[in-house]
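Biologist: I'm new to this structure and would like a close look at one part of it. Could you pick a residue, start there and then walk me outward through its surroundings?

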Amino acid sequence: MSKLTDSPAWRALAEHQRHIAPLQMHDLFAADHGRAKRYSLEFGAIYLDYSRHRITDDTLRLLFELARQANVGAWIERMFSGEHVNNSENRAALHVALRADQERFPTAGSEGTSDVMPDVMLMVRAARARAYALADALRAGSISGATGKPLCHIVNLGVGGSDLGPRLLSRAMRCQSDSSLTLRFAANADPADLDAALAGLDPERTLFIIASKTFTTVETLSNARRARAWLAASLGDAPELSAHFAAVTADEAKAHAWGVPAERIFPMWDWVGGRFSMWSSVGLAAVIAAGPAHFDSLLAGARAMDAHFREAPLERNMPVILALLSVWYSAFFGAETHALLPYLEDLRDFPAWAQQLQMESNGKGVDRDGQPVDYPTAPVIWGSSGTLSQHSFHQLLHQGTRLVPADFIVPCSGDSDAAAQHLLIVNALAQGSALMTGAAAAEPYRVLPGNKPSSTILIDKLEPHALGQLLALYEHKVVAEAALLNINPFDQWGVEFGKSVAQSIERGQQTEQLDASTQSLLSRIEPWRH
Ligand code: F6P
């Protein structure tokens with residue numbers, strides 16, 4: 001057994017789970033009329049009801065004991081103070097600095113930093129000011145392309161954290177966005193993705209944002225090459241085409257060598273992970289669409305959640321509670337997956353963003369000390385917007401054989417049709433209730449067993465400040481989960497090997513070293529390629 005699974009808190013939870021597994025949630029509610037209120041927590045615009053879970057007061061006591069044993073509070077402080085919590089890459093993880101407003105963060109020589117961190121706030125503010133200036137100029141129509149026409153079609157070229165975050169923000173801030181600007185995203189190596197993004201756009205008015213922290217991601221560079229070819233086909237291949245590009249990257253030299261003008265290159269830093277980077281200039285597409293003022297409001301919301309995460313006691317700490325529930329089901333109930341159900345179409349990109357956030361962060365097999373883990377780490381994260389999910393996979397949630405904890409995310413007011421909005425809310429609440437209560441029936445195929453756990457997150461209205469709180473909540477949940485599991489959430493070595501294999505196949509190198517299946521498949525494909 002590992003240090004963790006042999007620890008007092010872990011062993012106590014394992015014993016407790018055996019006792020609590022047979023309990024029915026509806027009985028727990030019947031025995032405690034105050035349960036719903038007691039197991040709810042409100043911070044800012046977020047109301048979390050975690051009463052529909054297979055927990056009792058004893059469960060929570062033992063879970064918080066696990067959090068104390070894991071020194072979750074200390075890990076939070078270490079991250080905020082700029083320590084190199086990304087131990088395999090010897091880096092800090094300071095995405096919280098991207099939305100901080102204090103003068104210095106952290107001050108050079110902060111306790112625990114292994115080197116003197118430059119004052120990151122100077123770098124963050126300077127980059128943000130430049131991004132805001134570009135956004136304001138584009139929104140004013142005062143940025144022109146090679147032929148002198150104002151640029152108003154914006155295409156973000158990026159993948160993973162350089163796509164999912166800005167894509168989510170842009171759609172979630174649709175109501176705050178300038179409809180005179182067209183915003184598109186292309187991420188896939190599949191040329192069809194960029195082709196679809198370019199459909200109907202005017203090359204003379206199109207700006208491409210090449211978003212790539214490393215500026216080496218083959219999909220993004222392929223799309224950037226094709227974007228330039230698309231421009232050249234209409235405008236001629238002239239140096240002036242560089243007016244149609246901007247870049248967001250940690251490798252400014254590569255972007256400049258590619259042909260992006262220096263004044264259009266916006267920095268990222270190695271102390272911000274790609275999946276945590278949308279608060280930086282990676283969010284440029286959203287800044288352009290929604291405007292700096294709304295982006296500032298988004299940052300302020302995330303900043304508020306940062307303060308909550310850093311200051312709230314564990315028992316009243318929203319990200320910590322979500323993380324404890326995640327570990328409770330994955331490690332002690334054997335739940336393999338976790339469903340995210342945002343009941344708002346403008347949050348339809350939320351599950352995909354959260355997938356990378358949690359699965360690329362916590363989909364690990366060794367602990368911080370490099371020891372193989374003997375416990376489950378990240379669950380598989382999946383989901384879709386409601387009410388669409390009800391017509392796709394809720395059958396499995398209600399009557400399937402698997403335990404799938406779910407998060408219902410329910411904005412309660414909006415600017416659209418109030419009756420339709422109410423329909424959405426009613427469905428979300430009904431689904432969570434039905435999952436918990438189940439339904440008896442004479443025919444076995446009509447029986448819903450119930451006792452299916454879910455959290456319900458109510459948001460007054462999904463405006464940028466609340467959106468910032470919600471997204472930071474899930475970022476911090478992932479960090480807290482990693483602390484509980486003693487893993488590093490900030491590296492992603494597992495995705496590097498596949499890239500190198502792809503590169504060797506593409507270059508026709510060392511095919512004899514490839515596995516027999518890949519060699520056989522390559523030989524089968526060969527005739528089709530010509
Ligand atoms: O998926 C691997 C990964 O490195 C992610 O962590 C990152 O968000 C994505 O690829 C894109 O990387 P880049 O921003 O360097 O192009």
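Modeller: Let's start with glutamine 358, which sits in helix H14, the stretch covering residues 350–362. Keep in mind that this is a predicted model. Is glutamine 358 buried or exposed? Its relative accessibility is 3%, so it counts as buried, the cut-off for buried being under 20%. Leaving aside residues up to four places away in sequence, glutamine 358 touches Ser326, Gly363, Ala378, Pro379, Ile381, Lys477, Val478 and Glu481.

One of those contacts, Ile381, takes us to a sheet, because strand E9 spans 380–383 and stands at an edge. Which strands make up this sheet, and in what order? There are six, running E1-E2-E11-E10-E8-E9, and they form an open sheet with mixed pairing. E1 and E9 are the edge strands: each has a single partner strand, so one side of each is left without a neighbour in the sheet. From one strand to the next, the twist averages 20 degrees. As a bit of background, strands of a sheet pair through backbone hydrogen bonds, either parallel or antiparallel.

Both kinds of pairing turn up here. For the parallel kind, look at strand E10 (residues 406–413) and strand E11 (residues 454–461), which are joined by seven bridges. Find valine 410 and you can step across to leucine 458, its bridge partner in E11. For the antiparallel kind, go to strand E1 (residues 40–43) and strand E2 (residues 46–49), which pair over four bridges. There, leucine 41 has leucine 48 in E2 as its bridge partner. E1 and E2 make a hairpin with two residues between them, and glycine 44 in the turn has a positive phi of about 60 degrees.

While you're around the hairpin, have a look at helix H3 (residues 35–38), where you'll find lysine 37. Unlike the buried glutamine 358, lysine 37 counts as exposed, because its relative accessibility is 65%. Lysine 37 and serine 51 are 14 residues apart along the chain, and their C-alpha atoms are separated by 7.9 Å.

Now back to helix H14, since its range of 350–362 also takes in a residue that comes up at the ligand. Which residues come nearest to the ligand? Of the 13 residues around it, they are Ser162, Ser212, Thr214, Thr217 and Glu360. Glutamate 360 has a polar side-chain atom 2.6 Å from an oxygen atom of the ligand. Serine 162 also places a polar side-chain atom 2.6 Å from a ligand oxygen. For threonine 217, an N or O atom in the side chain is 2.5 Å from an oxygen atom of the ligand.

From the ligand you can go on to threonine 249, which touches Ser212 and Thr214, among others. Threonine 249 lies in strand E6 (residues 245–249) and is buried, with a relative accessible area of 0%. A polar atom of its side chain lies 3.1 Å from the backbone oxygen of lysine 213. Its other contacts include Phe215, Ala255, Ile265, Phe266, Pro267 and Met268.

To place all this in the whole chain, use the domains: domain 1 covers 4–69 + 300–485, domain 2 covers 119–290 and domain 3 covers 493–529. The C-alpha centres of domain 2 and domain 3 lie 31 Å apart.

How values were computed:
Residues numbered from 1 in each chain as written. Predicted model: local features only at pLDDT ≥ 70, side-chain atom pairs only at ≥ 80, totals over all residues. Heavy atoms only, no water. Domains from an automatic or database assignment. Buried < 20%, exposed > 50% of the residue type's maximum accessible area, 1.4 Å probe, protein only. Contact = heavy atoms within 4.5 Å. Pairing = 2+ DSSP bridges. Axes fitted to C-alpha atoms, helices over the stretch in contact; angles between N-to-C directions. Near = heavy atom within 4 Å. Polar contact = N/O pair within 3.5 Å; in protein donor to acceptor, adjacent residues only side chain to side chain.
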